[in-house]
Amino acid sequence: MDRDAWSDFPELNRKLLEKVESFRPDVLFCVPMHYEVWLETLSLVRESGVFVVNWGTDDSWKYAQFSRYIAPAVDLCASTSHEAFASARREGLNSFWLTQWAASGSRTLEPLPASKCRYDVSFVGSAYGNRLQWVERLARRGIAVECFGHGWANGPVDAERIPQIYRESVISLNFGDSGVHWRGLRPYRSRQIKARVFEVPAAGGCLLTERADHLDEYYRRGEEVLTFEGEDDLVWQIQALLNDPQRRDALAWAGYRRTLAEHLYETRFNDLLSILLQRSQGEGGANRTHRPIAWPEFERAVALHRPAPMLRDFLAWPFRMIWGERRGPRAARRLLFELSWRLAGRRTYTSSGWPGRLFYRES
């Protein structure tokens, strides 16, 4: 996402293909965000004998606008969203595979007794959305939450310190992020499972999280993690745990053991690579051999990527008048992207897609 790293999208895609050709990997694991890696590029990687795996972040809302279009260009779309996976199956996108977030095996810590914890209640994460309101409401009811991350008084902390904060907290809070789904033309929201759900127990913490869809498929609520629904329930759960350190310690140990047994990335990726191997053998993919990148095909894609700076400035001008030099072009790019994936669909993520042609940089 660093737009200073390359001069434009053609250079970015060219460098990726050069790396693939020189490194000759068996698998390319990628997490594209928008339209920075062209579909033509991913197809050329596959044609060179490399299996391509896409890890779908936030598929609860990105499936409709992104993941379903990139799926045909990769061998395996790993998605953490049950709803997206079901939609893919209905649409015949068989490259989708349901997985879940996890915790790193290199950051596991055994739980501390509640009596040795540094913080009663903590939260790690940026101060956005309704998180500020949750913490303020708890404070008004006599529960102080030690918060870490952008926007809080303690500020951001190094990634290496986060597991220690979880371990040194009697209770680690998690507020559920809601994703937008669609039933026909009607939107509805559901809470997502995020990585923090697994990272807290892995670090020996006791997780108290807002309820999320399908959480029961990964942990036993009330035995390995605790959930809350609403302010009164949250306050009651916190007070009950602080007054019962033995139960808190039992929860922390049970969640820790379950996470080590089933919810580490080492386990997730072992499963992912196993299913990739099975699918590749079933489709004759085991016979893939490394071949040079088909550079003439890439150059044809580059020829379709014609920047239009004057059109970009024309589109951004009214937004600059409203939101200024910095936010105006961002708003123009966002509007063009929202229109493009709805009207042009798959083409948005190709070399000829309008958002990429107009907005490598926003100014």
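Where in the protein is the place of Thr 57? In this predicted model, Thr 57 sits in the loop that runs between strand 2 and helix 3. With a relative accessible area of 16%, Thr 57 falls under the 20% cut-off and so counts as buried. Setting aside neighbours within four places in sequence, its contacts are Val 31, Lys 62 and Trp 101. The loop also holds Asp 58, placed between strand 2 (51-56) and helix 3 (59-70). Asp 58 is not a glycine, yet its phi is positive, near 55°.

A step back to the whole chain helps to place these details. The secondary structure adds up to 13 helices and eleven strands. For 363 residues, a compact globule would be expected to have a radius of gyration near 21 Å, and the 23 Å found for the protein agrees with that. Laid along its principal axes, the C-alpha trace covers about 70 × 55 × 40 Å. Of the 363 residues, 49% are buried. Among contacts with a separation of 6 or more, 70% link residues that are 24 or more positions apart.

As for the surface, the protein exposes about 18000 Å², and carbon and sulfur atoms supply 52% of that area. There are 50 positive and 46 negative charges, and the mean positions of the two sets lie 4 Å apart.

How far can the coordinates be trusted? The average pLDDT is 92, and 94% of the residues score at least 70. Residues 178-188 are another matter, with pLDDT below 50, although this stretch has 25 contacts in the model beyond near neighbours in sequence. Where pLDDT is low, the predicted coordinates should not be read in detail.

Back to single residues, starting towards the N terminus. Arg 24 belongs to the loop between helix 1 (9-23) and strand 1 (27-30). Like Asp 58, Arg 24 is a residue other than glycine with a positive phi, near 55°. Its relative accessibility is 48%, so Arg 24 is classed as partly exposed.

Val 37 comes in the loop between strand 1 and helix 2 (39-47). At 15% relative accessibility, Val 37 counts as buried. Once residues up to four places away in sequence are left out, Val 37 touches Leu 12, Asn 13, Leu 16, Leu 42 and Tyr 349. Phe 175, by contrast, is 138 residues along the chain from Val 37, and 32 Å separates their C-alpha atoms.

Asn 13 turns up again in the surroundings of Phe 298. Phe 298 is part of helix 11 (residues 295-304), and its relative accessible area of 0% makes it buried. Its partners, not counting residues up to four places away in sequence, are Pro 10, Asn 13, Arg 14, Leu 17, Trp 38, Thr 41 and Leu 44. Pro 10 is 288 residues away from Phe 298 in sequence, yet the C-alpha to C-alpha distance is 9.3 Å.

Is Leu 242 buried or partly exposed? At 35% relative accessibility, Leu 242 counts as partly exposed. Leu 242 is a residue of helix 8 (residues 231-242). Beyond residues up to four places away in sequence, Leu 242 touches Asp 120, Val 170 and Ile 171. Val 170 lies 72 residues from Leu 242 along the sequence, with 7.4 Å from C-alpha to C-alpha.

Towards the other end of the numbering, Ser 352 is placed in the loop between helix 12 (309-343) and helix 13 (354-358). Its relative accessibility is 12%, so Ser 352 counts as buried. Ser 352 touches Leu 304, Arg 347 and Arg 357, again without residues up to four places away in sequence. To sum up the loop residues, Thr 57, Val 37 and Ser 352 count as buried, whereas Arg 24 is partly exposed.

Key: Residues numbered from 1 in each chain as written. Predicted model: local features only at pLDDT ≥ 70, side-chain atom pairs only at ≥ 80, totals over all residues. Heavy atoms only, no water. Helix = DSSP H or I, 4+ residues; strand = E, 2+ residues; numbered from the N terminus. Rg over C-alpha atoms; globule rule 2.2 N^0.38 Å. Buried < 20%, exposed > 50% of the residue type's maximum accessible area, 1.4 Å probe, protein only. Contact = heavy atoms within 4.5 Å. Areas by Shrake-Rupley, 256 points an atom, 1.4 Å probe, with all protein chains shown as cover. Lys, Arg positive; Asp, Glu negative; His and termini not counted. Charge placed at Lys NZ, Arg CZ, Asp CG, Glu CD. pLDDT = per-residue confidence, 0-100.
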